Every structure is written in C-alpha cells, then in structure tokens.
Amino acid sequence: MTAVFSFFGVTTSQSAIQRIYPRWVELLDLDARLVGLDFPIGAPARDYRRAVERIKADPDALGGLITTHKLDVLAASADLFGGLDGSAALLREVSCIHKRDGRLLGAALDDRTSRLAIDRFAPPSYWAERGGELLLLGAGGASIATTLGMHRAAELGVAVPSRIHVTARSEHRLEELRSLHDRIGMRIEVVHHVTRTPEEADRVVARVAPYSVVANATGLGKDRPGSPLTDTVRFPHGSIAWDMNYRGERRFLEQARNQPADAAVDVVDGWDYFVYSWTQVVGVVHDIDIPSSGPLFDELSQIAREEQFGEPARLAG
Ligand SMILES: NC(=O)c1ccc[n+]([C@@H]2O[C@H](COP(=O)([O-])OP(=O)(O)OC[C@H]3O[C@@H](n4cnc5c(N)ncnc54)[C@H](OP(=O)(O)O)[C@@H]3O)[C@@H](O)[C@H]2O)c1
C-alpha cells in the first residue's frame, strides 16, 4: 500500500505542496502520497484528536506536518503520543508527527529550521565577524522557536548574535517568552520591547547595532496587509532585513529595499525557510536524511520553486 503523509492546515488544497510533494517523493524514490486535512482556526479539540487517532491506528499512515494548528493538536492529543522531542515538550507544540518502532512521536522543528534559514544568509562566521544583533519583530511561535534555535547554537559553542531583541504589542506575549527562557537558562541576552505602534517599532530598529538581522515575524504583509514598521524607518548600517514569509505584499521588504544605498541593507525573503520547514519534516517522517545544503537540497528547492511560482528555478547558492 502507498503510505500516507498527512498535512494539517487551514486550506491545504490551495497549497503548492500538493504539487511539490509528489515530485519530491519521486526524486527520493519513496512510495507515498500527501493527504490534506483542513481545520478552521480554533477547531474543536475532538477534531484534532480524531485525526491523530486515525494516524496512530492506520499502519499506512506515516505521520505528517502541522502548520497553523501546532499548539492545538498537541493540547488535544498529548496522551496519544508515545514520546515528544525536547523542542515539542518545551514549546508545547507539534509540527511533525512520525512513527518509530510502532510508537507515535511528536516533534517541533521550527527552532532547527529557522536556524538553518538564518545560517544561509547569516552563518556563525557572520555573527563572529560583524557582531550584529538579531531583532525579531513579533513574539509568536516562530519568533519563540528562533530564540530557542539560537540558544541551542550558543550551547554548542557556535557564534550567535551578540544580543536578541524581541518586540510585541503587549507585555503578555513577552511573558511567555520570558518563561521559556527561564526554563532553558537562555544563553543569549534578550531585550524585550513593547511596541504598540509602528513608530515605536521604528525606534527599536534604528537603535540596534550595525550588521544586525531585522526579522519580520509578525505575519504582516502576508497574513494581514501592512508592515510592523512605517515607511520612514531607518535600518542600521549593513543590516539584513529578513521576512519570514516569501509571498504576499511583503511591504516590510519594500521598506528595506527603499533604504539609502549607502546604508547597504540586504533583503532576504522566507523562501529558504519554507523549503527547510518542509524538507526537514519530510526527512523525519520518512526516516531519511535530507541534507540542508548541497545538490539534493538544491534539487528539492528547485522543484518547489517551479511548482510554487511556475518558473524555471534559480539554483540556491
Ligand atoms: N517561511 C516559512 O516556512 C515560515 C515558517 C514559520 C512561520 N512563517 C511565517 O512567519 C509568521 C509568524 O509565524 P508565527 O507562527 O510566529 O505566527 P503567530 O504565532 O501568529 O505570531 C505572530 C505574532 O506577531 C505579532 N504581531 C502582529 N502584529 C504585530 C505588530 N505590528 N508588532 C508586533 N507584533 C505583532 C502577533 O501578536 P499578537 O499576539 O499581539 O497578535 C503574534 O504574536 C507567519 O506569517 C508565518 O506564516 C513562515
């Protein structure tokens, strides 16, 4: 029987992964198909639970990937899992369901995938040589996971940003972050900023060190229109503006592109983050090693780009 890879989302039929996954499994010589499971945001807990129960009971179900519902799925079905990895336990979310030796396992990979994405444009040597900071605009799940990924890198002795700044519109969000950092004994200094208006966020951006990475982790520009910053924002010299998303209006990236040429601001979208998010989960679910760089990764990225944008792909460098 062809194995089943489940994709928990909101409108999964609209996702390009429906076209990308079949080409990936062909390239990887796997016999599997993708099945999308749609849930409205905040669906009843019993719906998430039933889906996890079905995966657990069906020998042909391999597991799969969860996007929007990572926290809700785990909250509704924690007792069904035979084990969680350290990140899932810490973040209380599951982005990857898989099976090993008949056990249903849950994992959270965002700390790993966000770091892979950042490494691509700001590797450890960048932080060591430039001494920049990391500014995360927005304190939701992806931001929190990114701070965990950087903490883990610091634990390994790898060069990391000299400081992490995180903005949120309310103190409450930052409390969640503080609580996680207390539990893990956060290795990097973290500065919290409550920014209730884009003007306040502009002031934080203007004050971070030269060569910092300024990340838009608010979803503004894709999930909702706009940017967390104003059009008159000034990015630090030599900084890198990174939007975690690669589609939508991405006004934040426009604002970065409009900086004066002598500010030498670089712009990176969330494409590589998207490809890492998917390839890493596919690797875990199928229990195969998918490298994070090199010819195989480039080929997988190229297929994804063709299916996503309908254009001949650039080779990732
Ligand atoms: N490329 C990829 O594969 C990839 C992977 C992961 C995530 N992403 C994208 O990254 C974005 C963030 O993901 P997420 O999971 O962290 O989403 P999330 O949990 O919804 O977090 C977004 C956070 O941004 C905050 N926010 C919204 N507007 C803000 C503003 N003007 N100033 C400061 N904070 C603001 C929200 O705060 P409130 O609580 O106050 O609303 C919320 O905490 C999403 O758009 C997601 O699609 C992309």
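At what angle do helix 11 and helix 12 pack, and how far apart are their axes? In this predicted model, the angle is about 110° and the axes are 11 Å apart. Helix 1 joins the story too, as its axis comes within 13 Å of that of helix 11 and within 9 Å of that of helix 12. There's also a ligand, with 20 residues surrounding it.

**Helix 11 against helix 12**

- Helix 12 covers residues 295-309, while helix 11 covers residues 271-286.
- Angles from 65 to 115 degrees count as roughly perpendicular, so at about 110° helix 11 and helix 12 get that label.
- The crossing of this pair is right-handed.
- On the helix 11 side, the contact uses Trp271, Val275, Tyr276 and Thr279; facing them from helix 12 are Phe297, Leu300, Ser301, Ala304, Arg305, Gln308 and Phe309.
- Sorted by class, this contact has seven nonpolar residues, three polar ones and one charged.

**Helix 1 against helix 11**

- Helix 1 (residues 17-27) crosses helix 11 at roughly 50°, which makes helix 1 oblique to helix 11.
- Helix 1 goes past helix 11 in a right-handed crossing.
- Ile17, Ile20, Tyr21 and Trp24 are what helix 1 brings to the contact, and helix 11 answers with Phe274, Trp278, Thr279, Val282 and His286.
- There are no charged residues in this contact, just seven nonpolar and two polar.
- Thr279 of helix 11 turns up here and also in the contact with helix 12.

**Helix 1 against helix 12**

- These two axes cross at roughly 150°; anything over 145 counts as roughly antiparallel, so helix 1 and helix 12 fall in that group.
- Once again the crossing is right-handed, with helix 1 passing helix 12.
- Helix 1 supplies Arg19, Ile20, Arg23, Trp24 and Leu27, and helix 12 supplies Leu296, Glu299, Leu300, Ile303, Ala304, Glu306, Glu307 and Gln308.
- The class split here is seven nonpolar, one polar and five charged.
- Ile20 and Trp24 of helix 1 do double duty, touching helix 12 as well as helix 11.
- Leu300, Ala304 and Gln308 of helix 12 are likewise shared, meeting helix 1 and helix 11.

**Around the ligand**

- Of the residues surrounding the ligand, the closest are Ala142, Arg169, Arg173, Asp223 and Asn245.
- Asn245 has a side-chain N or O atom 2.8 Å from a ligand oxygen.
- Gly141 uses its backbone instead, with an N or O atom 3.1 Å from an oxygen of the ligand.
- For Lys222, an N or O atom of the side chain sits 3.3 Å from a ligand oxygen.

Terms used: Residues are numbered from 1 along each chain as its sequence is written. This is a predicted model: local features need pLDDT of at least 70, side-chain atom pairs count only at pLDDT 80 or more; totals for chains, interfaces and linings use all residues. Side-chain values use heavy atoms; hydrogens and water are left out. Axes are lines fitted to C-alpha atoms, for helices over the stretch in contact, and angles run from 0 to 180 degrees between N-to-C directions. Helices (H or I, at least four residues) and strands (E, at least two) are DSSP runs, numbered from the N terminus. Angles under 35 degrees count as roughly parallel, over 145 as roughly antiparallel, 65 to 115 as roughly perpendicular and the rest as oblique. A crossing is left-handed if the near helix is turned anticlockwise from the far one by less than a right angle, and right-handed if clockwise. Contact means heavy atoms within 4.5 Å. Ala, Val, Leu, Ile, Met, Phe, Trp, Tyr, Cys and Pro count as nonpolar, Asp, Glu, Lys and Arg as charged, and the others, Gly among them, as polar. A residue is near a molecule or strand if one of its heavy atoms lies within 4 Å of it. A polar contact is a pair of N or O atoms within 3.5 Å; within protein, one must be able to donate a hydrogen and the other to accept it, and residues adjacent in sequence count only if both atoms are side-chain atoms.
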